[in-house]
Amino acid sequence: MEKKEFLNKKFIQQDINIFDIMRNYIPKENTNLFLKENDVFLKINSKDKFEFILSTKKEVEDFFKLLTYYLDRDNKEYKLIKKLKERNEKISTAESITGGLIASSIINISGASEVIEESYVTYSDGIKEKILNVSHETISKYSAVSKNTCSEMLDGLFKLTNSNLCISTTGYAHIGKSYIGILYNGKKNIYFENLSGSRNEVRFKIKEKALDYALLMMKGKP
């Protein structure tokens, strides 16, 4: 089987680029990861370079299972974009703790330009007030990491973008405490998360949770 035929048949048929997925979801410390089908063998190294080689059946089975796991996890962004396209809707984000991870993961998928036009990283308290019009009193009384602040971030984002789907995040990555806000066609939910892991593991988990909650709200679920 030709290399191009294999990649098209297995993965690109759903407009998901396998190379983009691997760059985004395989941890950098995994210096070598492999994908095999028949005589086509994909080796991915830490420099994001790709090369095809041959290997054993045992390596094929072990690494293909791991790759399948990562591919399944990535489908959130694809599903979100697909739903937004079908409904002719837009998405925007206002991110503090996630620092643009949500918007970036969406933009990584082909076709994102049809559903996302603008997003904001509002990391400091002052920028939350300046860009999103979060009340200084709210931050002073409840702190930047609070349900109230997360809610006002959503309100400000909607006023700026008029997007059907708005997502906001605020939190403390070093202790795992965070709030995720979802506003979808007038319905708003704020979710509290207390997650474990390193700073960046927590940030990644919050990004994943935000996508989960967004998809649930688009399905009409709380």
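Reader: Which strand gives the most to the lining of the second largest pocket?

Author: Strand 6 does, with 3 residues. Bear in mind that this is a predicted model.

Reader: How is a pocket found in the first place?

Author: Rolling a probe the size of a water molecule over the atoms shows where empty space is left. Here, the second largest pocket holds about 170 Å³ of space. Its lining has 14 residues. Closest to the pocket centre are Ser96, Tyr123, Val145, Gly171 and Tyr172.

Reader: Which elements each supply at least two residues of that lining?

Author: Helix 5 (125–132), strand 6 (165–172) and helix 8 (199–218).

Reader: How many residues of each class are in the lining?

Author: There are 6 nonpolar, 4 polar and 4 charged residues.

Reader: Now the helices. What span should helix 7 have?

Author: Use 1.5 Å a residue. Helix 7 covers residues 147–161, which is 15 residues, so 21 Å should separate its ends. The end C-alpha atoms are 21 Å apart, which agrees.

Reader: And how far does helix 8 reach?

Author: Helix 8 has 20 residues and reaches 29 Å from first C-alpha to last. The expected value is 28 Å, so the two are close.

Reader: How do I read burial along a helix?

Author: An α-helix has 3.6 residues a turn, so residues three or four places apart point the same way. In helix 7, the buried residues are Thr149, Cys150, Ser151, Met153, Leu154, Gly156, Leu157 and Thr161. Helix 8 also has a buried set, including Val202, Ile206, Ala210, Tyr213 and Met217. Charged names appear there too: Arg203, Lys207 and Glu208 are among the buried residues of helix 8.

Reader: What happens to phi just after these two helices?

Author: Asparagine 162, just after helix 7, takes a positive phi of about 55°. Glycine 220, just after helix 8, takes a positive phi of about 85°.

Reader: How many disulfides does the structure hold?

Author: A disulfide is a covalent bond between the sulfur atoms of two cysteines. This structure holds 0.

Reader: Is cysteine 150 buried or exposed?

Author: Buried. The cut-off is under 20% relative accessible area. Cysteine 150 has 0%, so it counts as buried. Cysteine 166 is buried as well, with a relative accessible area of 0%.

Reader: What of the whole chain?

Author: The chain has 8 helices and 8 strands. Of its 222 residues, 44% are buried. Take the contacts with a separation of 6 or more: residues 24 or more positions apart account for 60% of them.

Definitions and conventions
Residues are numbered from 1 along each chain as its sequence is written. This is a predicted model: local features need pLDDT of at least 70, side-chain atom pairs count only at pLDDT 80 or more; totals for chains, interfaces and linings use all residues. Side-chain values use heavy atoms; hydrogens and water are left out. On a 1 Å grid over the protein atoms alone, a cavity is a set of points where a 1.4 Å probe fits but cannot get out, and a pocket is an open set with protein on both sides within 12 Å along at least five of seven lines; lining residues have an atom within 4 Å of a point. Grid points are joined across faces, edges and corners, and a volume is the space filled by probe spheres set on the points. Helices (H or I, at least four residues) and strands (E, at least two) are DSSP runs, numbered from the N terminus. Buried means under 20% relative accessible area, exposed over 50%, partly exposed in between (1.4 Å probe, protein chains only). A disulfide is a pair of cysteine sulfur atoms within 2.5 Å. Contact means heavy atoms within 4.5 Å.
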